[in-house]
Amino acid sequence: MYRTLCSRRTAAAASGSLASPSPLAPPALARAASTRARDRAKLANKLSPRRDHAAAKGKGKQQREAASSSSSPIPAAVGIGMVGGAAAALPSFGMGGAAVDPWAAGFEVSSASKSHKAAKQQSSNRMEWVTISGTDFKYDMVKPPAEVRVAELRHGLDRVLFNPGVHFLQDPRSGVYNFDPYLQRIAHPDDVNFDTFPPYITASKDPQLRAMAKREGCSFVSSTSSISGAMSQMYFMMTGGKPLDISKLSHDFISQSTAFTRIMRSPTSVVLTRQENGVYSVDADKSYDKRETILTRLGKSMERMLTTTRDEFASQHLIKNVGAAKPAQSSVPEEAYAYGRAGGMLLRAQLDCYDPRLPRKTFDLKTRATLAVRMNADNVDDNVLYHIKYAHGLFASYEREYYDMIRAAFLKYSLQVRIGHMDGIMVAFHNTARIFGFQYISLEEMDSSLFGGSAFADQTFALSAQLLEAILRRAVDTHPDARVLRVTFDTERGENAVYVEEVPGGNADDMHLDRLNPRNASKFNPPPMSRFRVYSAGSVNGEPLADDTAHPRYLNPTDEWKLRYAITTEGASDHLAFDYFKLRRAQDEARRSRPEPVPGADDRNKSGSLMAKVRRHFVSEDEAALDAEATKVMYKSRFPVAVPMTKRGEVKDAGWDL
């Protein structure tokens, strides 16, 4: 089957009969169509045997004419795709009512069908463009069904919220503690009963969320952790991942990258599940990333440690006091959530912490592991000697951790904060064995590094939500009979492609790579699927953006950013199945791969290795032991200030006239 397909495509490429873009299409679309035609020809040359390739070049035209005389016409209203060696009828869901091209799907078609295809060629390339605005869209707060108390910071940590910058838990020069020394020691996961924490509930398993969606008239439900990856891909579709702003950092970072990390740009998948009431839940796809690292587990326990007293944490969560058995459900505290409606999507955000003095009251708690730990999260014990000792610098500094967050985490954090109507994030920096310090980062501060300002950020969020909903609706409309769909967004190579797969048997926990691999002839049987391509162009205040780009460089609060987009649909084909297989295999390999090992004593001089540079900043074991055993002195004002104030913190002082 692949030989025949490749031979036909090679012959078509040689004769110039591959479909050319419509003259009505914009230049960017013409270039994209030309690139895809060139890629198909390269793929055909690579996969075809030499004898078939030569035959295709010399006799391709005669073979197609001979085959067409014996084939039966294909109705124009139905596109046919070859899936696992069997013909599968697909509905005509192309733009402008055009059917899926059967020849491009790898089939011989009759002369009548070819004539029909030629007549409809220009119509099939014509796209339906939709214009959306970043200012007309509203993200409305939805009242929760029940009020649940939100936790508050303990141990005097609330002063971090109102003092910008990093707060050392212990002053590295004098050794004096700025906060309770108890916070420095992190409870080992083996000593904590994680069943005493509220469990994470996905959107597909949250009946309360689905009932709210039905009541609000929403078609999709999701949570911040599940939807933020997909919304990040919408941002990359619109902007291509424009450079980040690191101008606030010191001169050490002048030559460092201003691009998002590779893992941030890598393809993201979500799972759509149709529920009993017709609402679709959107969950993160865990089929290629099922591991639960120590960082995931510590995130739960450390958040609880920061919001409870010493005695509360020990008596409620440590195994030595509560045992290892699963407690009764009534004794596990409930999670507090915030809800918001974005068009036809109802989104849920977990509320970690509350302080009435903040402009938006609530904020998120984030635990950020050090650079050395993140590079080798499966062997954290080898990297606990990497300590944060400086405010600035490329290594062993808070500035390095902040720089890495800009590139790898701020986009996700900012989306989660916006979805939850929160004020910002409180970050605790640690190496899994001890906490080094804290920093509060407001939403406006993240907006500045990511977008250049909150005006740009607000409209980016609005456009991303609208574009994502349009893609999700196209997915369920294209596959109306499927109960479970896996939707994969690929913007890493600038293709702006979306793959939609009907999950066999509804089991989304399995990648089904064996069924997608065309080289495995005995098991190759891909499920029904389709591919969308998203094209976009932007304008600000009615003026088209230069160079056919979709995003502006900067927005003032009074500016209006409009996005004009079109989505084309490609039906099932062997070529599509092979592209999707390569994409899913790359996802699997990326998550399975391990960072480079920590260099040993024999290769510490390899200055080219990042881990070798990191290793130079490890403290000695003796230094770490002495630090842990040293006498602990905590800061306390020698002359406490007596300020007349109310219980709410309002100062009664009326000025100098006392």
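**Exercise 1.** Determine whether Thr432 is buried or exposed, and describe its backbone and its place in the chain.

*Solution.* Thr432 has a relative accessible area of 11% and is therefore buried, where buried means under 20% relative accessible area, exposed over 50% and partly exposed in between, with a 1.4 Å probe and protein chains only. The model is a predicted one, in which local features need pLDDT of at least 70, side-chain atom pairs count only at pLDDT 80 or more, and totals for chains, interfaces and linings use all residues. Residues are numbered from 1 along each chain as its sequence is written, and side-chain values use heavy atoms, with hydrogens and water left out. Next, Thr432 lies in the loop between β14 (424-430) and β15 (435-442), strands being DSSP runs of E with at least two residues and helices runs of H or I with at least four, numbered from the N terminus. Finally, its phi is near 80°, a positive value although Thr432 is not a glycine. Most residues other than glycine have a negative phi.

**Exercise 2.** Work out where Ala396 is placed, and whether it is buried or exposed.

*Solution.* Ala396 belongs to the loop between α11 (371-375) and α12 (398-408). Its relative accessibility is 0%, so Ala396 counts as buried. The phi of Ala396, which is not a glycine, is positive at about 55°.

**Exercise 3.** Find which residues make the contact between α8 and α9.

*Solution.* Begin with the helices themselves: α8 covers residues 294-306 and α9 residues 310-317. The contact, meaning heavy atoms within 4.5 Å, is made by Ser301, Arg304 and Met305 of α8 together with Phe313, Gln316 and His317 of α9.

Definitions and conventions
Axes are lines fitted to C-alpha atoms, for helices over the stretch in contact, and angles run from 0 to 180 degrees between N-to-C directions.
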